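Biologist: I'd like to take a close look at one strand here and then follow it outwards. Could you walk me through it in one go, with your cut-offs spelled out as you use them?

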Amino acid sequence: MGEGNRLILWGGGTTRTMRPHWAMHELRLGYEHHLIGSRSGATEDAEFRERLNPKGKIPVLEDGDFVLTESAAIVTHLADCHGEASGLTPPVGTRERARYNEWCFYVAMELDAHTLYIVRKHRDLAEIYGEAPIAVEEAFAGFDRQIMAAEAKLGDGRSYLLGETFTGADILLTTCLDWQTFYDRPLPPWLAAYRGRIRTRPAYQSATALNYSILPDGTLRQGPPSL
């Protein structure tokens with residue numbers, strides 16, 4: 001898709017930007033990356049907002065003349081359009097694809113937006129959004145409740161969320177498990193083992209080294225990421 005299929009990915013330093021970098025590495029795609037941080041000022045630039053993302057957020061993908069935002073959408077698009085034989089997304093129109101979508105929406109809403117990002121906003125970024133210790137406590141509790149849906153599924157012995165095939169849904173889930181671990185919160189046994197297995201994937205490791213070479217504010221990281 002797009003003119004010449006030139007792939008450019010904007011963003012680095014966060015779990016959300018990790019997702020498309022990881023997908024790129026899984027699919028072995030050549031791409032240009034601009035590791036701008038979420039609060040580095042780069043996303044406030046007028047050209048960025050007008051040409052790439054009026055929401056002022058990262059990650060952003062340029063696929064030729066096609067611009068796409070939202071990490072789950074980017075991962076899915078890359079697999080659909082640049083890795084059809086990879087298995088990273090099930091075929092459109094199948095029940096497997098519907099299940100894939102279900103897991104992606106679950107991770108994006110129940111684990112990311114409704115729980116972990118509440119902690120980030122009202123604890124890590126309290127100087128911007130205000131302190132809300134009760135909301136933070138409830139967000140952690142909400143994550144612990146919601147994550148049991150994935151724990152129960154993996155407890156049947158499957159290797160990945162959709163069975164024995166690694167997909168973009170596993171990319172999304174693992175980044176949230178990394179996020180939770182960064183907060184020094186324990187994971188249930190099956191999920192801890194699942195995360196441990198997935199972290200050995202070469203694409204995970206190479207994408208981690210690239211994505212987390214900067215901090216969310218765009219400054220260079222000193223030392224390895226704490227994930």
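In strand 1, which residues lie on one side and which on the other, and are they buried or exposed?

Modeller: Some ground rules before the strand. This is a predicted model, so local features need pLDDT of at least 70 and side-chain atom pairs count only at pLDDT 80 or more, while totals for chains, interfaces and linings use all residues. Residues are numbered from 1 along each chain as its sequence is written, and side-chain values use heavy atoms, with hydrogens and water left out.

Now your strand. Strand 1 is covered on both faces: Leu-7 and Leu-9 point to one side, Ile-8 and Trp-10 to the other, and all of them are buried. Buried is under 20% relative accessible area, exposed is over 50%, and partly exposed falls in between, with a 1.4 Å probe and protein chains only. The elements are DSSP runs numbered from the N terminus: helices are H or I with at least four residues, strands are E with at least two.

Strand 1 has partners in two directions. With strand 3 it pairs in the antiparallel sense over four bridges, and with strand 2 in the parallel sense over three bridges. (I call two strands paired if DSSP finds at least two bridges between them.) On the strand 3 side, Leu-7 sits opposite Asp-63 and Ile-8 has Glu-62 as its bridge partner. On the strand 2 side, Leu-9 is matched with His-33.

Strand 3 is covered on both faces too, with Val-60 and Glu-62 on one side and Leu-61 and Asp-63 on the other, all buried. It carries on to strand 4 (residues 66-69), again antiparallel and again over four bridges. There Leu-61 faces Leu-68, and Glu-62 faces Val-67. Strands 3 and 4 make a hairpin with two residues between them, and Gly-64 in that turn has a positive phi of about 65°.

Glu-62 is worth a second look, since a salt bridge starts there. Side chains of opposite charge can pair when their charged atoms come close. My cut-off is a side-chain nitrogen of Lys or Arg within 4 Å of a carboxyl oxygen of Asp or Glu. Arg-51 and Glu-62 meet this way, at 2.7 Å from N to O. Arg-51 is in helix 2 (residues 46-52) and Glu-62 in strand 3 (residues 60-63), so the pair ties together parts 11 residues apart in sequence. The two ends sit in unlike surroundings: Glu-62 is buried because its relative accessibility is 7%, while Arg-51 counts as partly exposed because its value is 40%.

Strand 2 has a salt bridge of its own, between Glu-32 and Arg-6 at 2.5 Å, N to O. That one links distant parts of the chain, 26 residues apart: Glu-32 is in strand 2 (residues 32-34), and Arg-6 is in the segment before strand 1 (7-10). Glu-32 counts as partly exposed because its relative accessibility is 28%.

Stepping away from the strands, the structure holds 16 salt bridges. One of them joins Arg-195 and Asp-178 at 2.6 Å, N to O. Arg-195 belongs to helix 9 (residues 189-198) and Asp-178 to helix 8, so parts 17 residues apart in sequence are tied together. Arg-195 is buried at 10% relative accessible area, and Asp-178 is buried at 2%. Arg-16, Arg-19 and Asp-112 are linked in a salt-bridge network.

Arg-16 also leads us to the largest pocket: Thr-14, Thr-15, Arg-16, Tyr-117 and Trp-179 lie nearest its centre, out of 45 lining residues. A pocket here, on a 1 Å grid over the protein atoms alone, is an open set of points where a 1.4 Å probe fits, with protein on both sides within 12 Å along at least five of seven lines; lining residues have an atom within 4 Å of a point. Its volume is about 1,000 Å³, meaning the space filled by probe spheres set on grid points joined across faces, edges and corners. Helix 1 (15-26), helix 3 (71-82), helix 4 (95-124) and helix 8 (168-182) each supply at least two lining residues, and helix 4 gives the most, with 10.
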